[in-house]
Amino acid sequence: GYIFLAYLLAYGTAVLKLSRGFMLGVVIVGSVVWLGSVIVAARWSDRVGRRPVYLVGSVLLVVWAFPFFLLLDTAVPALIVLSVVVLTIGLGLCIWAVSKPLRGAIASALDTLGWGPDKGFDQAMRGTLRLACAVTAVVQNGRLDVYMAVTFAAATALVLGPMAVFG
């Protein structure tokens, strides 16, 4: 999702010739809606379970794929915002539903490595960050590598932070 929003920024400015400020605003709106949909998904999954929430999010993303690009290519600001809002709602539903199993898988992998810098955890994270920067540099020139590095660091902190604090 983060990579997609970064691509959206580049696509909107380079191909659609929209202002960078507008596209940054769209990305911010999408991120806020994404956060809100994760909170809604969390509360909803407490009532019905993760599987139905993930199914709704997945269906929304599949059904919305073609309308998203059709609306995006109109270059009409309101339609672009609408397309990103609906997309990020689907992303939020899916991300929440898979985050608990993902955290469990990461915790299992960290148990295998051993927790802490003396067991190689910090080297693994540094290597992953370097790989993300290298791939981004090949795919996109410019300062997107800084954005990707910061995004990766924030995502890593959000996923691993609770495990470090709460065990």
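Where is the place of Lys17? Lys17 sits in the loop between helix 1 (2–14) and helix 2. This report starts from that loop and then moves through the rest of the chain. The model is predicted.

**The overall plan**

The chain has six helices and zero strands. Read from the N terminus on, its elements run α-α-α-α-α-α. The chain has 167 residues, and buried residues make up 28% of them. Now take the contacts in the chain with a separation of 6 or more. Residues 24 or more positions apart account for 68% of those contacts.

**Residues with positive phi**

Most residues other than glycine have a negative phi. Lys17 is not a glycine, yet its phi is positive, at about 60 degrees. Ala75 also has a positive phi, near 65 degrees, and is a residue other than glycine. Gly49 comes just after helix 2 and takes a positive phi of about 100 degrees.

The two non-glycine residues can be set side by side.

| Residue | Place | Relative accessible area |
|---|---|---|
| Lys17 | loop between helix 1 (2–14) and helix 2 | 65%, exposed |
| Ala75 | loop between helix 3 and helix 4 (77–113) | 27%, partly exposed |

Why does Lys17 count as exposed? Its relative accessibility is 65%, and the exposed class begins over 50%. Ala75 has a relative accessible area of 27%, so it is partly exposed.

**Helix 2 on its own**

Helix 2 has 29 residues. From its first C-alpha to its last it reaches 41 Å. That is close to the 42 Å expected at 1.5 Å a residue. Which residues of helix 2 are buried? They are Met23, Val26, Val27, Gly30, Trp34, Ser37, Ala41, Ala42 and Ser45.

**Helix 2 against helix 3**

Two packed helices are described by the angle between their axes and the distance between the axes. Helix 2 (residues 20–48) and helix 3 (residues 50–72) pack at an angle of about 130 degrees. Their axes are 7 Å apart. That angle makes helix 2 oblique to helix 3.

Which residues meet here? Helix 2 brings Ala41, Trp44, Ser45 and Val48. Helix 3 brings Arg50, Pro52, Val53 and Val56. The residues of this contact divide into six nonpolar, one polar and one charged.

Look more closely at Ser45, which lies in helix 2. Is Ser45 buried or exposed? Ser45 has a relative accessible area of 9%, so it is buried; the cut-off for buried is under 20%. Leaving out residues up to four places away in sequence, Ser45 touches Arg50, Val53 and Trp96.

**The nonpolar core**

In soluble globular proteins, nonpolar side chains tend to be buried together. How many residues does the largest nonpolar core have here? The core has 19 residues. Leu8, Phe68 and Leu72 are those with the most contacts inside it. Helix 1, helix 2, helix 3 and helix 4 each supply at least two residues of this core. Helix 4 gives the largest share, five residues.

Leu72 makes a good place to end. What does Leu72 touch, leaving aside its neighbours within four places in sequence? Leu72 is in contact with Leu8, Tyr11, Leu16, Ile80 and Ser83. Leu8 is thus a contact of Leu72, and both residues are among those with the most contacts inside the core.

Key
Residues numbered from 1 in each chain as written. Predicted model: local features only at pLDDT ≥ 70, side-chain atom pairs only at ≥ 80, totals over all residues. Heavy atoms only, no water. Axes fitted to C-alpha atoms, helices over the stretch in contact; angles between N-to-C directions. Helix = DSSP H or I, 4+ residues; strand = E, 2+ residues; numbered from the N terminus. Parallel < 35°, antiparallel > 145°, perpendicular 65-115°, else oblique. Contact = heavy atoms within 4.5 Å. Nonpolar A, V, L, I, M, F, W, Y, C, P; charged D, E, K, R; others polar. Buried < 20%, exposed > 50% of the residue type's maximum accessible area, 1.4 Å probe, protein only. Core = buried A, V, L, I, M, F, W, Y, C linked by side-chain atoms within 4.5 Å. Expected span 1.5 Å × (residues − 1).
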